[in-house]
Amino acid sequence: PIITNISGRTTICLSDLNLNYTATGINATSYNWTVQPGITINSGQGSPTINLLIISAAILNPISVSGSNACGSSNVTTLSISYG
């Protein structure tokens, strides 16, 4: 599988709720998202779209995802986000 991009907002505020991020890829059947302290994944771990809650501005950078299928795993793709 290949993860080509993560789409979503790159500048966020502490009060932001329900932020969605989507991985685009080819042939991935499962997605492994990684977020930094200060961010909680509300829903979507394992799927191409996650919903995030920002709980602290201490460390926000970056969020990452890799994809997998029966043939193996993709490289990790990251998206830099910042508090602003």
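Two strands count as paired if DSSP finds at least two bridges between them. Keep that rule handy for the exercises below, which all use a predicted model.

**Exercise 1: Partners of β7**

Task: Work out which strands pair with β7, and which residues stand opposite each other in N69's pair of strands.

Solution:
- Step 1. Start with β8, residues 72–73. Two bridges join β7 to β8, and the strands run antiparallel. Two bridges are enough, because the rule asks for at least two.
- Step 2. Find the residues. N69 stands opposite G72 in β8.
- Step 3. Look at the link between these strands. A hairpin takes the chain from β7 to β8 through two residues.
- Step 4. Move on to β9, residues 77–79. Three bridges tie β7 to β9, again antiparallel, and S64 faces T78 in β9.
- Step 5. Add β4. Here β4 and β7 share five bridges in the antiparallel sense, with Y31 opposite G67 in β7.

So what holds such pairs together, as a rule? Strands of a sheet pair through backbone hydrogen bonds, either parallel or antiparallel.

**Exercise 2: Buried or exposed?**

Task: Decide how S66 and N32 should be classed: buried, partly exposed or exposed.

Solution:
- Step 1. Place the residues. S66 sits in β7, which covers residues 63–69, while N32 belongs to β4.
- Step 2. Recall the cut-offs: buried is under 20% relative accessible area, exposed is over 50%, and partly exposed is in between.
- Step 3. Apply them to S66. Its relative accessibility is 15%, so S66 counts as buried.
- Step 4. Apply them to N32. With a relative accessible area of 45%, N32 is therefore partly exposed.
- Step 5. Put S66 in context. Six of the seven residues of β7 are buried, so the strand is mostly covered.
- Step 6. Zoom out to the chain. Buried residues make up 32% of its 84 residues.

**Exercise 3: Far in sequence, what about space?**

Task: Find the C-alpha separation of N32 and S66, and list what each residue touches beyond its neighbours within four places in sequence.

Solution:
- Step 1. Along the chain, N32 and S66 are 34 residues apart, yet their C-alpha atoms are separated by 5.4 Å.
- Step 2. Try another pair. S66 and W33 are 33 residues apart along the chain, with 6.8 Å between their C-alpha atoms.
- Step 3. List the contacts of S66, leaving aside neighbours within four places: I3, S30, Y31, N32, S74, N75 and V76.
- Step 4. Do likewise for N32, which is in contact with Q45, S64, V65 and S66.
- Step 5. Check the chain as a whole. Of the contacts between residues at least 6 apart in sequence, 51% join residues at least 24 apart.

**Exercise 4: Put the four-strand sheet in order**

Task: Give the strand order of the open sheet of four strands, and check each pairing.

Solution:
- Step 1. The order is β1-β3-β6-β5, with antiparallel pairing.
- Step 2. Spot the edges. β1 (2–7) and β5 (39–43) each pair on one side only.
- Step 3. Note the twist, which averages 35 degrees from one strand to the next.
- Step 4. Check β1 with β3 (residues 19–26): five bridges, antiparallel. Here I3 stands opposite G25 in β3.
- Step 5. Check β3 with β6: four bridges, antiparallel. The bridge partner of L19 in β6 is L52.
- Step 6. Check β6 (residues 49–54) with β5: four bridges, antiparallel. L52 of β6 turns up here too, as the bridge partner of I41.

**Exercise 5: The whole chain, and how far to trust it**

Task: Describe the overall make-up and size of the chain, then say where confidence is lowest and where it is highest.

Solution:
- Step 1. Count the elements. There are zero helices and 10 strands.
- Step 2. Get the span. Along its principal axes, the C-alpha trace covers about 40 × 20 × 20 Å.
- Step 3. Test the radius of gyration. A compact globule of 84 residues would have one near 12 Å, and the chain has 12 Å, so the two agree.
- Step 4. Look at the surface. The accessible surface is about 4,400 Å², and 51% of it belongs to carbon and sulfur atoms.
- Step 5. Check confidence. The chain averages a pLDDT of 87, and 94% of the residues score at least 70.
- Step 6. Find the extremes. Confidence is lowest in β10 (residues 82–83), at a mean of 79, and highest in β4 (residues 30–34), at 94.

Definitions and conventions: Residues are numbered from 1 along each chain as its sequence is written. This is a predicted model: local features need pLDDT of at least 70, side-chain atom pairs count only at pLDDT 80 or more; totals for chains, interfaces and linings use all residues. Side-chain values use heavy atoms; hydrogens and water are left out. pLDDT is the predictor's confidence in each residue, from 0 to 100. Axes are lines fitted to C-alpha atoms, for helices over the stretch in contact, and angles run from 0 to 180 degrees between N-to-C directions. The radius of gyration is taken over C-alpha atoms; the globule rule is 2.2 Å times the number of residues to the power 0.38. Buried means under 20% relative accessible area, exposed over 50%, partly exposed in between (1.4 Å probe, protein chains only). Contact means heavy atoms within 4.5 Å. Accessible areas come from the Shrake-Rupley method with a 1.4 Å probe; for residues, only the protein chains shown count as cover.
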